[in-house]
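Reader: Hey, got a minute to walk me through a protein model? I'm new to this, so plain words please.
Author: Sure, let's put it up and go through it bit by bit.

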Amino acid sequence: MSVAATPWVDDPFAEAVRAGRGPLWLRREDGRRIPLDIERWCAPAAGADHGLLLRCTRLTAPVVDLGCGPGRLVAALLGLGVPALGVDITRAAVARTRSLGGPALCRSVFDRLPAEGRWGGALLADGNLGIGGDPGLLLDRSAELLAPGGVLLVEVEPREIDERSTVRVEGPDGRLGPPFAWARCGAAATARRAGRAGLVETERWSSHGRHFLAFGRAAGTR
C-alpha cells in the first residue's frame, strides 16, 4: 500500500514546530479555518495525554505513534519504559522528536515501516485520523501494523462529523503551505470504518474536552 506524500520542509507547520508556537490553522477550500493546537503539541504530555499513555503501559510493547508531530507522546512513552517509535512526514517534527530522545522516522504512515504486523499498539492522536484524507484506508493501514491482540488508540472529533476536504496549513503571517487531503470523523463514523478494517471497539472515553476510541485487532484476522 502506498499513498504519495512529500516531506514538509519549510511550510508554516514545519516553521511552527521549529519555533514551538503558533498560531496555526488548517484553511479549507471554502475559506473557513480550523485552529491547530501547536503549543500543546510542542509542550510535554499533559491533560488528556495521560489517559492515552496509561493505556499504552498496559499493552504488549512496542507502540508506534502515527503522525508523531513534535514527539511529546513518544518522549513520554519512553519515560514510562514503553518502547516507542514516531513516524511523521515533516522533517522538523522528526528532528524535534529525536531531540527529545525519541526514535522517529521521516516517512508516510503508508510507506514500509519496521515491524509491520508486530506492534503492540498504535496511536492516531491530535486529529491524525485525517492523514491522507481517507480514514478508512488509514484504519486499514493501522490494522496491518498491529500484532494479533494489538490495540489502536484513536482521537476523534468531539461532535459527530464525517467529512473530507482539501486543506492548507496557514501561518500567522497568512502564508499558506501546499494543499493536501484531510478528513475529520466523529466516534460513529470512526467506529463504522474501523469495523470494516477488522478492528473491534473495546473502549471509548473523554478527557479534558478530547474524545478517544480504542480498537483491538482480533487474533487470526488479517
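Reader: Okay, starting at the front: how many bridges join strand 1 to strand 2?
Author: Three bridges, with strand 1 (residues 25–28) and strand 2 (residues 33–35) running antiparallel. Keep in mind that this is a predicted model. One bridge pair to look for is L26 with I34 in strand 2.

Reader: And what's in the hairpin between those two strands?
Author: There are four residues between the strands, and G31 takes a positive phi near 95 degrees there.

Reader: What other strand is joined to strand 1?
Author: That's strand 8 (residues 162–170), which runs antiparallel to strand 1, with four bridges joining them. For example, R28 has V167 in strand 8 as its bridge partner.

Reader: So what's the order of strands in that sheet?
Author: The order is 2-1-8-9, in an open sheet of four strands with antiparallel pairing. Strand 2 and strand 9 (180–185) are the edge strands, each pairing on one side only. On average, neighbouring strands in this sheet are turned by 45 degrees against each other, direction ignored.

Reader: How many bridges do strand 8 and strand 9 pair over?
Author: Six, in the antiparallel sense. E163 has R184 in strand 9 as its bridge partner.

Reader: I can see another sheet too. What's its strand order?
Author: That one reads 5-4-3-6-7-11-10, an open sheet of seven strands with mixed pairing. Strand 5 (104–106) and strand 10 (199–207) each have a single partner strand, so one side of each is left without a neighbour in the sheet. The twist averages 20 degrees from one strand to the next.

Reader: Do strands 6 and 7 pair in the parallel or antiparallel sense?
Author: Parallel, over five bridges between strand 6 (residues 119–124) and strand 7 (residues 146–156). Within that pair, W119 stands opposite L146 in strand 7.

Reader: Switching to helices. Which strands does helix 6 lie across?
Author: Helix 6 (residues 135–145) lies across strand 3 (63–66), strand 6, strand 7, strand 10 and strand 11 (210–217). It runs at about 145 degrees to strand 7.

Reader: Why is helix 6 described as largely enclosed?
Author: Eight of its 11 residues are buried, so helix 6 is largely enclosed by the rest of the structure. Among the buried ones are P135, L138, L139 and R141.

Reader: What about helix 5, where does that one lie?
Author: Helix 5 (residues 91–99) lies across strand 4 (84–88) and strand 5, and its angle to strand 5 is about 165 degrees.

Reader: Now the inside. Which residues have the most contacts in the largest nonpolar core?
Author: L26, I38, L66, L152 and L199, in a core of 46 residues. A second, separate core has 21 residues, including L53, V74, V82 and V151.

Reader: What does L152 touch?
Author: Leaving aside neighbours within four places in sequence, L152 is in contact with several residues, including A122, L139, L146, L199 and F215.

Reader: Last topic, rings! How many aromatic pairs are there?
Author: Three. In one pair, W205 and F212 have ring centres 5.1 Å apart and planes at 15 degrees, so the pair is stacked. Both W205 and F212 are buried.

Reader: Which charged end sits over the ring of W205?
Author: That's R55, 3.6 Å from the ring centre. Also, R33 lies over the face of W25, at 3.8 Å from the ring centre.

Conventions. Residues numbered from 1 in each chain as written. Predicted model: local features only at pLDDT ≥ 70, side-chain atom pairs only at ≥ 80, totals over all residues. Heavy atoms only, no water. Pairing = 2+ DSSP bridges. Axes fitted to C-alpha atoms, helices over the stretch in contact; angles between N-to-C directions. Contact = heavy atoms within 4.5 Å. Phe/Tyr/Trp six-rings, centres within 6.5 Å; stacked < 30°, edge-to-face > 60°. Buried < 20%, exposed > 50% of the residue type's maximum accessible area, 1.4 Å probe, protein only. Lys NZ or Arg CZ within 6 Å of the ring centre and 35° of its normal. Core = buried A, V, L, I, M, F, W, Y, C linked by side-chain atoms within 4.5 Å.
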